[in-house]
Amino acid sequence: MRNKNTAIIVKLLSLLLGMVGVMMILPFLWAWLSGESAYPTRAVFGGLAAAGILIGLSSQYMRKVWRYAATFRIRDGFLTVVLAWVVMALFSCLPYYLTGLTDNFTDALYESISGFTTTGSSVFQDPSVLPESILLWRSLTQWIGGLGIIIFMIAALPAMGLAGYALFAAEMTGSMDHRFQPRLKDTAKIICGVYIVLTSAETVLLRMAGLSFHDALCHALSTMATGGFSTYSDSLVSASPLVQYIVLLFMFLAGINYMMYYFLLKKQFTRVARDEELRAYGIYMAVLCLLASVALYLSASGQMRAEEAFRLGAFQCVSIGTTTGFVSSDFSLWPAGLQWVLLSLMVVGACSGSSTGAMKLSRFVLMFKNMLLEFKRAAHPRAVLPLKYNGRVLGQEVIRQVLAFFFLYVLVGMMGAVFFAFCGFDLVTSFAISFSSMSNIGPVTGQVCSLCAVTDFPVAAKWISMWLMLVGRLGLFTVLLIGMPSFWKNK
């Protein structure tokens with residue numbers, strides 16, 4: 001039984017490496033057509049693309065393993081997803097290491113994991129000096145990571161059965177139900193299509209706004225993945241207001257649950273209009289952007305125009321709130337109150353079912369509604385007051401899971417902060433690095449400013465940050481579960 005499941009996992013990982021190999025063709029072509037010669041990018045990308053594709057093709061000789069799909073349990077699915085991200089990161093860090101752009105393997109792996117987890121922290125102090133093919137690959141890793149769970153499910157569904165559905169439903173928290181199971185593969189394809197269309201639209205608009213095609217493509221790939229890798233050393237600080245507004249719009253769109261786009265295409269407008277998380281997302285972002293803009297304008301004492309204050313305040317709130325991480329201003333220089341607002345946004349995040357990180361807004365909506373119900377239950381002890389979400393009554397096990405996730409999220413974040421403090425960072429910076437890594441955001445404040453790279457991080461701090469990035473991207477329970485002895489017991 002175990003050998004059969006191992007064969008399925010190996011096949012799925014081989015298919016995934018094949019997909020990564022196909023994606024490496026793009027930076028190889030870019031390096032070849034642009035004539036890059038300062039670094040051996042053409043040879044590295046060409047060789048790795050061929051290796052990845054050959055590994056993917058080798059999985060075709062394992063067709064018979066699909067007959068054992070019935071033995072593939074949810075536990076195997078969790079293990080496969082964790083291994084998938086680790087294998088992708090290990091394979092995709094090789095371009096940084098083999099081209100000599102990083103001094104050691106740790107830095108190369110950090111850049112790769114930061115990309116695939118859509119975190120956006122970088123070991124490169126000045127990305128603008130990197131070869132264009134490497135910059136394109138950095139953004140592609142984020143784009144693949146943002147869409148990764150959906151791409152992976154499309155490849156894995158034939159083998160994973162109910163396990164595949166369970167993982168997909170977990171990623172689409174708040175919008176999935178068992179009625180989607182029979183057409184899950186079609187649903188995933190539609191979501192992929194929306195992801196590609198939005199990326200293409202932003203690329204065109206950024207190109208029209210004055211960016212080169214390369215810069216427009218890289219920023220569009222990073223934006224829709226809510227990743228934050230930029231081709232500029234100062235992120236988007238020096239970008240034109242028009243470029244910042246375009247990126248602001250698409251960051252907001254990227255923070256929406258992709259199932260909402262699916263419902264729109266299916267003309268289920270009522271379902272979109274009644275979605276509580278989407279309404280909360282719109283109100284939450286509008287209020288925070290307004291407050292940040294007013295506070296920034298007043299703190300400038302007349303030295304900043306109202307439009308500039310709105311643009312910078314709204315951009316940074318949406319960027320941090322969607323865990324994208326682009327920077328339009330060095331917010332480490334902002335008033336302390338605004339910095340704390342941004343730090344709190346790192347924990348909340350945007351909608352579930354999007355490529356964003358952090359806790360996701362749906363969990364906070366549920367906790368807030370449950371809190372209000374507790375007040376009513378205290379006033380009316382005999383009243384039956386069920387918890388409803390999107391018109392459906394939820395059982396107590398749902399709120400228990402949400403509260404458990406919240407407690408574990410805070411606990412892991414605090415433990416990470418303790419480890420960073422031992423690495424030499426001050427208290428505020430330790431908390432900022434820990435929660436920004438786990439929330440897959442990137443920019444932090446304190447000793448490490450919002451525009452700084454992590455080049456000078458101690459090696460131990462980089463490994464802790466990488467682990468937190470993976471934990472945050474894949475879900476706390478998914479990663480921590482495989483480290484428990486009970487997970488490996490054959491039941």
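Which residues make the nonpolar surface patch of about 410 Å²? In this predicted model, the patch is built from Val86, Leu90, Tyr97, Leu98 and Phe105. Two helices each contribute at least two residues to the patch, namely helix H4 (74–92) and helix H5 (94–98). Tyr97, one of the patch members, belongs to helix H5. With a relative accessible area of 38%, Tyr97 is partly exposed. Patch residues need over 30% relative accessible area, and the 38% of Tyr97 therefore satisfies that cut-off.

Attention now turns to the backbone, where two residues invite a second look. Most residues other than glycine have a negative phi. Thr118, which is not a glycine, has a positive phi, near 55 degrees. Thr118 sits in the loop that links helix H6 (105–116) and helix H7 (132–160). Despite this loop setting, Thr118 is buried, and its relative accessible area is 0%.

Lys360 offers another case: its phi is positive, at about 80 degrees, and Lys360 is likewise not a glycine. The loop in question here runs between helix H16 (336–348) and helix H17 (361–379). Is Lys360 buried or exposed at 12% relative accessibility? Lys360 counts as buried, because the term covers residues under 20% relative accessible area. Both Thr118 and Lys360 thus pair a buried position with a positive phi, near 55 degrees for Thr118 and about 80 degrees for Lys360.

Notes. Residues numbered from 1 in each chain as written. Predicted model: local features only at pLDDT ≥ 70, side-chain atom pairs only at ≥ 80, totals over all residues. Heavy atoms only, no water. Patch = residues over 30% accessible without salt bridge, like charges linked within 9 Å, V, L, I, M, F, W, Y side chains within 5 Å. Areas by Shrake-Rupley, 256 points an atom, 1.4 Å probe, with all protein chains shown as cover. Salt bridge = Lys/Arg side-chain N within 4 Å of Asp/Glu carboxyl O. Helix = DSSP H or I, 4+ residues; strand = E, 2+ residues; numbered from the N terminus. Buried < 20%, exposed > 50% of the residue type's maximum accessible area, 1.4 Å probe, protein only.
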